[in-house]
Amino acid sequence: MAVFEGKKYKMEKSEGFDDYMKALGVGIVLRKLGNSISPTVELVKNGDEYTFNTLSTFKNTTIKFKLGEEFDEETVDGRMVKSVCTLEGNKLIHEQKGEKPTTIVREFTATDLTATMTAGNAKCVRYYKAI
């Protein structure tokens with residue numbers, strides 16, 4: 001079991017999130033809300049299936065996936081995408097394909113999580129601490 005499986009991480013800092021949401025076509029009201037929350041995330045493994053939970057005061061989301069297998073996903077901002085997640089060492093790479101393709105690379109350690117999100121030319125980095 002990897003050191004990050006089943007561990008919760010709380011966001012402490014975010015850089016470039018507004019530009020990232022703009023690139024995805026998210027409206028001003030939802031962007032203001034998105035910039036005001038600090039979600040907690042958790043990756044849980046059960047057999048060969050993973051569950052990634054995102055908890056916040058705005059909305060809780062859960063995705064379930066098997067590594068390398070495409071799945072349907074509704075993003076927090078309501079977009080429907082086809083996603084594939086792969087694991088390279090301690091990096092979870094999450095590719096979302098749809099009208100506006102995105103890539104989220106989550107790099108885990110026992111104490112930290114760094115999520116780098118890219119949509120077009122917009123890049124966001126969010127920093128989390130284990131809780």
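1. Start with glutamate 73. In this predicted model, the residue is buried but forms no salt bridge. The nearest side chain of opposite charge belongs to arginine 106, 6.5 Å away. A salt bridge would need the charged atoms within 4 Å.

2. What does the side chain of glutamate 73 contact instead? A polar contact of 2.5 Å links it to the side chain of serine 83. Another polar contact, at 2.9 Å, runs from glutamate 73 to the side chain of histidine 94.

3. Glutamate 73 sits in strand E5, which spans residues 71-74. Setting aside residues up to four places away in sequence, glutamate 73 touches Ile63, Arg79, Met80, Val81, Ser83, His94 and Gln96. Both polar partners, Ser83 and His94, appear in that list.

4. Glutamate 70 belongs to the loop between E4 and E5. Is this residue buried or exposed? Its relative accessibility is 53%, so glutamate 70 counts as exposed. Beyond residues up to four places away in sequence, glutamate 70 touches Lys82, Ser83 and Val84. Ser83 is thus a contact of glutamate 70 and also of glutamate 73. Glycine 98 is 28 residues from glutamate 70 in sequence, and their C-alpha atoms are 12 Å apart.

5. Now the nonpolar interior. The largest nonpolar core has 16 residues. Which members touch the most others? They are Tyr9, Leu43, Phe52, Phe65, Leu92, Phe108 and Tyr128. Strands E1 (8-15), E2 (40-46), E3 (49-55), E4 (61-66) and E9 (112-119) each supply at least two residues of this core. Another core lies apart from it, with 9 residues, among them Tyr20, Ile104, Met117 and Ala119.

6. Tyrosine 128 deserves a look of its own. Leaving out neighbours within four places in sequence, its contacts include Tyr9, Lys10, Met11 and Glu12. Pro39 and Val41 are also among them. So are Thr111, Asp112, Leu113 and Ala115.

7. Glycine 34 lies in helix H2, residues 28-36. Why does glycine 34 count as buried? Because its relative accessibility is 12%, and the cut-off for buried is under 20%. Apart from residues up to four places away in sequence, glycine 34 touches Phe17, Met21 and Arg126. From glycine 34 to isoleucine 63 is 29 residues in sequence and 19 Å in space, C-alpha to C-alpha.

8. One annotation to check. An unreviewed UniProt entry gives residues 7-24 as "domain: Cytosolic fatty-acid binding proteins". Over that stretch the chain is 39% helix and 44% strand. The C-alpha atoms at its ends are 29 Å apart.

Conventions. Residues numbered from 1 in each chain as written. Predicted model: local features only at pLDDT ≥ 70, side-chain atom pairs only at ≥ 80, totals over all residues. Heavy atoms only, no water. Helix = DSSP H or I, 4+ residues; strand = E, 2+ residues; numbered from the N terminus. Buried < 20%, exposed > 50% of the residue type's maximum accessible area, 1.4 Å probe, protein only. Lys, Arg positive; Asp, Glu negative; His and termini not counted. Polar contact = N/O pair within 3.5 Å; in protein donor to acceptor, adjacent residues only side chain to side chain. Contact = heavy atoms within 4.5 Å. UniProt positions renumbered as here; feature names shortened; annotations may be inferred. Core = buried A, V, L, I, M, F, W, Y, C linked by side-chain atoms within 4.5 Å.
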